[in-house]
Amino acid sequence: MKYYVLTLFPDMIRDGFQTSITGRAVEKGLLSLETVNIRDFSVNKHNRVDDYPYGGGAGMVMQAEPVYLACQSVISKLPRNPRVLYMSPQGQVFNQQMAGELAQEEELIFLCGHYEGIDERVLEEIVTDEVSIGDYVLTGGELPALVIMDAVSRLLDGVLHNDESAEFDSFHDNLLEYPQYSRPEQWRGKQVPPILLSGHHANVERWRREQSLLRTRERRPDLLERAALTKEDKKFLANLTDL
Ligand code: ADE
């Protein structure tokens, strides 16, 4: 996977990506990150990339041409036209399924806006997907781009170690994850659920599945409607008495 990020704040992207698992994956050559500073494509002698909005109103708008040129500088060196993801609270809300779809791509271009937005004409010209990371407004698209790159990267082969497998994650099958415990067995008077110490693999698996079902029912009933439930799961849920 090759990520290209068009941004006015390349340091923010590099700093955010460099650490932890994504940084390790770059070092291993499993992915690459290239940032493109939109300001380098300013068509203004003062290096500006924003201007007043036509029709008036608050704030500034990022001009079309620098964004277009920044994007072309990436596309022109690639063998095919990659998806161009514009980070915007008006986009489709990102989820695990989208992460899985994006992980199939060879290259992804992220376009990060600032100020009051980007001239609509260049968005019409270059953007293939407008993506939001949730119903709130951030100061720019850099954090959303980092969020999406992180979620996509951990699905790529070799990025997680086997014991960090993405297969059993929350949302993998529209169920939240079961609770986890580690040593010590007693912590400030709180005991690890005894079943986890039983060594009985099948019982542990069943307990974990039930915990997932309980959590999802309690915290995210909307997900439960879309989960692939077995007969046994349905029976377990049907037998629960509401408190
Ligand atoms: N830019 C500003 N807010 C955003 C959000 N919630 N998602 C994606 N991009 C954004």
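## Pockets, ligand and backbone of a two-domain model

Helix α4, residues 96–102, gives the most to the lining of the largest pocket, with 3 residues. The model is predicted. Its largest pocket has a volume of about 580 Å³. A total of 24 residues line this pocket, and Q96, Q97, L155, F171 and H172 are the closest to its centre. By residue class, the lining of the largest pocket splits into 7 nonpolar, 10 polar and 7 charged.

**Domains and the largest pocket**

The protein is divided into two parts: domain 1 spans 2–162 and domain 2 spans 170–242. The C-alpha centres of domain 1 and domain 2 are 37 Å apart. Where does the largest pocket lie relative to domain 1 and domain 2? Both domains give residues to its lining, so the largest pocket lies between them.

**The second largest pocket**

The second largest pocket holds about 450 Å³ of space. Its lining has 25 residues, and Y86, M87, S88, P89 and G117 lie nearest the centre. Three elements give two or more residues to this lining: β5 (83–93), α5 (120–126) and β7 (129–132). Strand β5 gives the most, with 5 residues. The lining of the second largest pocket divides into 12 nonpolar, 10 polar and 3 charged residues.

**Ligand surroundings**

Which residues surround the ligand? They are M87, S88, P89, V131, S132, I133, G134, Y136, V137, L138, G140 and P144. Among them, M87, S88 and P89 also appear in the group nearest the centre of the second largest pocket. Polar backbone atoms of S88, I133 and Y136 face nitrogen atoms of the ligand at the distances below.

| Protein residue | Protein atom | Ligand atom | Distance |
|---|---|---|---|
| S88 | polar backbone atom | nitrogen | 3.0 Å |
| I133 | polar backbone atom | nitrogen | 3.0 Å |
| Y136 | polar backbone atom | nitrogen | 2.8 Å |

Y136 also enters a pair with R14. R14 and Y136 are 122 residues apart in sequence, and their C-alpha atoms are 24 Å apart in space. R14 belongs to helix α1, residues 10–18. Is R14 buried or exposed? R14 counts as partly exposed, because its relative accessibility is 36%, between the 20% bound for buried and the 50% bound for exposed.

**Backbone geometry**

The peptide bond between R183 and P184 is cis, with omega about 5°. P184 is found in the loop between α6 (142–153) and β8 (186–187). N174 has its place in the loop between α6 and β8 as well. Phi of N174 is positive, near 65°, in a residue other than glycine.

N47 is not a glycine either, yet it has a positive phi of about 65°. N47 sits in the loop between β2 (32–37) and β3 (50–51). At 42% relative accessibility, N47 counts as partly exposed.

**Two buried residues**

D129 is found in strand β7, one of the elements that give two or more residues to the lining of the second largest pocket. With a relative accessible area of 18%, D129 is buried. The side chain of D129 makes a polar contact with the side chain of T128, at 2.6 Å.

H114 lies in the loop between β6 (107–112) and α5. Why does H114 count as buried? Its relative accessible area is 13%, and buried means under 20%. H114 and M60 are 54 residues apart along the chain, and their C-alpha atoms are separated by 8.8 Å.

Key:
Residues numbered from 1 in each chain as written. Predicted model: local features only at pLDDT ≥ 70, side-chain atom pairs only at ≥ 80, totals over all residues. Heavy atoms only, no water. 1 Å grid on protein atoms, 1.4 Å probe; cavity = no way out; pocket = protein on both sides within 12 Å on 5 of 7 lines; lining within 4 Å. Points joined across faces, edges and corners; volume = space filled by probe spheres on them. Helix = DSSP H or I, 4+ residues; strand = E, 2+ residues; numbered from the N terminus. Nonpolar A, V, L, I, M, F, W, Y, C, P; charged D, E, K, R; others polar. Domains from an automatic or database assignment. Buried < 20%, exposed > 50% of the residue type's maximum accessible area, 1.4 Å probe, protein only. Near = heavy atom within 4 Å. Polar contact = N/O pair within 3.5 Å; in protein donor to acceptor, adjacent residues only side chain to side chain.
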